Amino acid sequence: MGEVKTTCCYCGVGCGVIVSVDEGKIVKIKGDPDHPANYGRLCTKGATLDLTAITDTRALYPELRTDRIHPRKQTSWGEALDFAAEKFAATIREHGPDSVAFYISGQLLTEDYYVFNKLAKGLVGTNNVDTNSRLCMSSAVAGYKKTLGVDAPPACYEDIDHAKCIFIAGSNMAYAHPVLFRRVEAAREANPGLKLVVVDPRRTDTASAADLHLSILPGTDVALFNAMLHVMLWEGLCDMDYIRAHTEGFEALKDSVREYTPKAAADICGICAEEIVQAAKWFGASGATLSLYCQGLNQSSHGTDNNAALINLHLATGQIGKVGAGPFSLTGQPNAMGGREVGGMANLLSAHRNLADPVHRAEVAQLWGLDSVPEKPGKTAVEMFEAVRSGEIKAIWIACTNPAQSLPNQGLVREALQNAELVVLQEAYRNTDTAAYADILLPASTWGEKEGSVTNSERRISHVQAAVNPPGEARADWEIVVDFAHRLGAKLGNPLTSRLFPYESVEQIFDEHRATTRGRDLDITGLSYAVLDRDGPQQWPFPEGAAAGQARLYADGVFQTASGRAHFANTLYLPPAEQTSAQFPLHLNTGRLRDQWHGMSRSGTVARLFSHVEEPVFSMNGDDMQRRGLKDGDMVRMSSRRGNCVARVQVSEEIRPAQVFFPMHWGSQFMNSAGANAMTIAACDPVSGQPELKHAAVKVEKLAYGWNMVALRRGGALSRMVLLQPLLVQFPYASLGLYGKQEPLLVLRVAGEEASDEKLIAEVDRILGLDDEERTVRYHDATRGIAKRMLVENGEVVGARLTGETAARDWLKEMIAQGLTFESVRLWALAPISSPPSGGVARGRIVCNCKDVSEHEIMAALEQGADLNGLQQELKCGTECGSCVPEIRRLIAAHQPVKTVAA
């Protein structure tokens with residue numbers, strides 16, 4: 001058995017992992033104790049990466065359809081790429097280079113990004129190359145550039161350890177960046193005086209841990225930050241010497257924030273004026289405030305101003321370029337930063353060069369050996385798919401991302417993909433939402449199979465090593481692009497193609513990228529694969545001759561602007577693009593869960609990652625539910641002006657009145673609709689082009705879905721899941737998931753006003769093997785509309801389908817996953833009982849995935865007087881990755897009796 005060091009492929013923390021390989025297969029994973037991003041820590045998703053190294057849902061060979069009448073068929077790489085090259089070349093010749101586009105991903109490696117960018121801007125001659133990073137990080141980029149001059153986070157993870165005040169805005173770190181939140185918890189334990197302030201409309205696990213939670217109304221961040229600056233000015237907390245020496249534009253902002261008194265901002269934000277004053281004092285007086293922020297600021301129609309207004313506070317107090325201080329944007333994807341470094345977006349060029357700058361365009365043309373690179377700005381993500389829908393863009397190449405699930409206003413996006421003359425999908429997974437629209441499917445390698453580099457949130461570059469070979473005929477992303485470039489160049493008659501794409505190894509691409517950074521703010525001319533392998537991951541800048549990278553930027557007060565001074569952005573509060581109304585009275589907020597990732601193409605293959613949240617649910621305030629006659633578990637339809645989604649509803653103490661939360665992860669492969677983005681709005685920030693995924697006006701209607709079905713199957717769960725996915729849309733409501741810790745159990749939940757079509761149910765039975773008359777035990781009551789069957793193999797129950805009456809679903813699911821013998825439940829297997837026949841109750845929701853500890857077990861221990869230490873010693877929950885610790889603390893706090901004062 002051998003070991004290979006690489007990095008995690010989920011969030012932008014960039015955790016180091018050590019992969020154990022046996023006979024060419026990944027068999028185990030653990031955190032890398034030497035990697036400075038995580039020092040061995042992993043979250044629940046990272047800790048189960050080895051379980052995703054399966055081929056059941058992978059794209060294993062190229063597929064092609066030459067028309068829209070017939071399905072795709074397996075083909076050779078040569079035929080697939082020749083067909084794509086001919087179609088792209090013909091489109092370019094007839095309609096020009098801007099008639100094609102490339103939509104890529106923050107999960108590509110830097111080298112993959114680089115060749116895609118060069119393909120579009122160097123060979124094709126279009127700037128129509130953009131990335132799903134536009135959906136998560138572009139407002140953070142624009143905010144940095146607007147104030148500090150360049151896209152360069154000035155702080156580092158070590159600053160968490162030294163901060164005296166940590167200000168988290170628009171981020172549920174406990175869920176979205178749990179490894180970093182463990183570090184925040186450790187810093188608080190080491191420094192009891194450290195203040196934690198959290199700005200979030202919801203009382204998340206992160207907010208519950210705060211000394212001060214500012215539960216502002218959605219989209220009111222600028223009003224809050226301006227009011228905090230107002231207080232800092234009034235209280236003398238601004239560093240006027242720093243402002244005079246290192247900034248510009250302060251007077252104009254100072255005039256604007258006069259109007260943002262704590263009282264005025266409190267009315268806008270829906271919080272107390274005293275809370276604003278307290279936050280401002282802690283922020284301004286600490287001398288070392290570290291701001292950590294993410295999608296709550298970014299995914300807004302004024303996301304650039306949200307970011308800039310927060311950075312203004314750091315500039316006004318001189319808290320930047322210092323230990324423990326600075327505005328630190330948390331990256332959403334593992335290599336969104338690397339993509340920005342190589343210019344892999346519609347408005348960027350290599351090494352943080354700006355497309356609009358003619359000097360920068362000339363520099364890139366010279367580096368690439370071209371006369372020029374295109375000047376016309378490319379289409380950003382939302383614009384790109386609008387152009388595909390209108391026919392302006394004829395052919396689109398999509399790589400390592402799932403726009404038919406992740407972009408807002410899914411009705412428009414799916415119409416665009418249907419209307420496109422050619423859709424090429426370069427993807428590791430064959431069953432994504434977007435795969436249904438692909439004319440060409442090109443199988444790509446993925447985590448554990450790729451070599452290259454990534455850059456994490458703190459500007460730290462890691463050399464990613466391949467642990468195993470890709471399965472089937474899958475190829476590395478950069479290899480696919482280079483092969484296509486040569487074929488396309490030949491068909492376009494471009495004699496420079498061989499010189500543009502001479503690469504025979506991924507290291508050659510890194511070396512060329514490195515050369516483009518010479519003299520730039522992110523200069524990495526001192527780095528190489530050899531240096532990274534010898535000395536470990538390094539932060540940029542790391543110029544030639546340097547002994548180490550730079551942990552913090554702007555310590556000298558010199559910024560990457562024309563004047564060398566940071567610029568105060570004169571930010572003004574604007575409401576969200578879509579306001580609530582009498583027809584759509586609720587505000588929809590979307591976001592991440594602890595144990596799932598993006599559209600679940602990877603995390604959705606791991607059974608234990610469904611244990612914390614098994615199916616998509618709408619979370620609502622209890623008063624809002626009561627007014628609508630709703631109770632936990634009711635089926636509702638949530639609708640916006642663009643689309644709707646059906647799911648169960650649950651009461652949540654996290655949610656303020658007139659708001660609702662829905663996770664972003666579920667799409668058409670795991671439920672019977674496009675999910676949250678069926679309802680979101682495509683309104684974008686005018687500077688960053690980032691859509692307002694966090695804000696949409698919706699309504700909720702109760703549904704009379706009295707008929708239910710649950711189907712369970714152990715054995716071949718992932719292969720059966722792929723077969724069931726196309727059927728989901730045929731049910732009024734359906735969700736598909738997994739359960740268990742070892743061999744996964746497939747779980748299908750269905751609901752409707754009346755029983756579903758018998759032929760459809762029969763097809764479900766066929767896929768799950770429940771149609772085997774000899775091995776199934778059956779019960780049928782036509783009068784009451786109840787039908788049940790149970791599949792028995794070698795004395796064990798391995799499958800079941802309950803229709804019309806599903807009381808036994810939870811305990812039956814748990815016992816089948818554990819290995820239920822038929823004899824032990826012969827008399828009760830199909831009975832309408834909600835508790836196991838052996839007594840007790842179903843285990844319920846799992847809180848700690850690592851140690852498989854349920855909420856019921858934690859509450860039982862609390863009843864016996866256990867505290868956190870006692871729970872960790874007795875049940876072992878929270879002792880491995882620690883992602884569940886914030887929730888355990890919340891359960892402990894909720895369980896503590898309320899103290900009353902005697903009369």
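Here, contact means heavy atoms within 4.5 Å. Keep that in mind while working through these exercises on a predicted model.

**Exercise 1.** Find out where R628 sits and which residues R628 touches, not counting residues up to four places away in sequence.

*Solution.*
- Start with the place: R628 is in the loop between α24 (622-627) and β25 (635-639).
- Now apply the contact cut-off. Leaving out residues up to four places away in sequence, R628 touches P585, L586, M620 and V700.
- Look at the side chain next. The backbone oxygen of D624 is reached by the R628 side chain at 3.2 Å.
- Then check a residue from further along: K702 is 74 residues from R628 along the chain, yet their C-alpha atoms are separated by 7.7 Å.
- Finally, is R628 buried or exposed? Neither label fits: with a relative accessible area of 29%, R628 is partly exposed.

**Exercise 2.** Work out how many disulfides the structure has, and why C136 is not in one.

*Solution.*
- Recall what we're looking for: a disulfide is a covalent bond between the sulfur atoms of two cysteines.
- The cut-off for the search is a pair of cysteine sulfur atoms within 2.5 Å.
- Searching the whole structure gives 0 disulfides.
- Take C136 as the test case. Its closest cysteine sulfur is in C294, and because the two sulfurs are 7.4 Å apart, they are too far for a bond.
- As for surroundings, C136 counts as buried at 7% relative accessibility. C645 is buried too, with a relative accessible area of 1%.

**Exercise 3.** Describe how helix α2 meets helix α22.

*Solution.*
- Place the two helices: α2 covers residues 110-124 and α22 covers residues 506-516.
- Their axes come within 9 Å and cross at roughly 70°, so α2 is roughly perpendicular to α22.
- List who meets whom. From α2 come T110, E111, Y114, V115 and K118, and they meet V506, I509, F510, E512, H513 and T516 of α22.
- Sort this contact by class: 5 residues are nonpolar, 3 polar and 3 charged.

**Exercise 4.** Repeat the job for helices α8 and α10.

*Solution.*
- Helix α8 (residues 221-235) and helix α10 (residues 250-257) have axes that come within 9 Å and cross at roughly 100°. That makes α8 roughly perpendicular to α10.
- On the α8 side, N226, L229, H230 and L233 take part, meeting F250, L253, K254 and V257 in α10.
- Split by class, the contact of α8 with α10 has 5 nonpolar residues, 2 polar and 1 charged.

**Exercise 5.** Say which residues of helix α17 are buried and what they pack against.

*Solution.*
- Helix α17 spans residues 381-390, and its buried residues include A381, V382, M384, F385, A387 and V388.
- Strands come into the packing: β6 (100-104), β7 (129-131) and β16 (395-399).
- Helices do as well, namely α18 (403-406) and α19 (410-419).
- Step just past the helix, and G391 takes a positive phi of about 95°.

**Exercise 6.** Find the polar contact that joins the side chain of T204 to another side chain.

*Solution.*
- Begin with the location: T204 lies in the loop between β9 (195-199) and α7 (205-208).
- T204 is buried, its relative accessible area being 1%.
- Not counting residues up to four places away in sequence, T204 touches N172 and E654.
- N172 is the partner we want: a polar contact of 3.4 Å joins its side chain to that of T204.

Methods. Residues are numbered from 1 along each chain as its sequence is written. This is a predicted model: local features need pLDDT of at least 70, side-chain atom pairs count only at pLDDT 80 or more; totals for chains, interfaces and linings use all residues. Side-chain values use heavy atoms; hydrogens and water are left out. Buried means under 20% relative accessible area, exposed over 50%, partly exposed in between (1.4 Å probe, protein chains only). Axes are lines fitted to C-alpha atoms, for helices over the stretch in contact, and angles run from 0 to 180 degrees between N-to-C directions. Helices (H or I, at least four residues) and strands (E, at least two) are DSSP runs, numbered from the N terminus. Angles under 35 degrees count as roughly parallel, over 145 as roughly antiparallel, 65 to 115 as roughly perpendicular and the rest as oblique. Ala, Val, Leu, Ile, Met, Phe, Trp, Tyr, Cys and Pro count as nonpolar, Asp, Glu, Lys and Arg as charged, and the others, Gly among them, as polar. A polar contact is a pair of N or O atoms within 3.5 Å; within protein, one must be able to donate a hydrogen and the other to accept it, and residues adjacent in sequence count only if both atoms are side-chain atoms.
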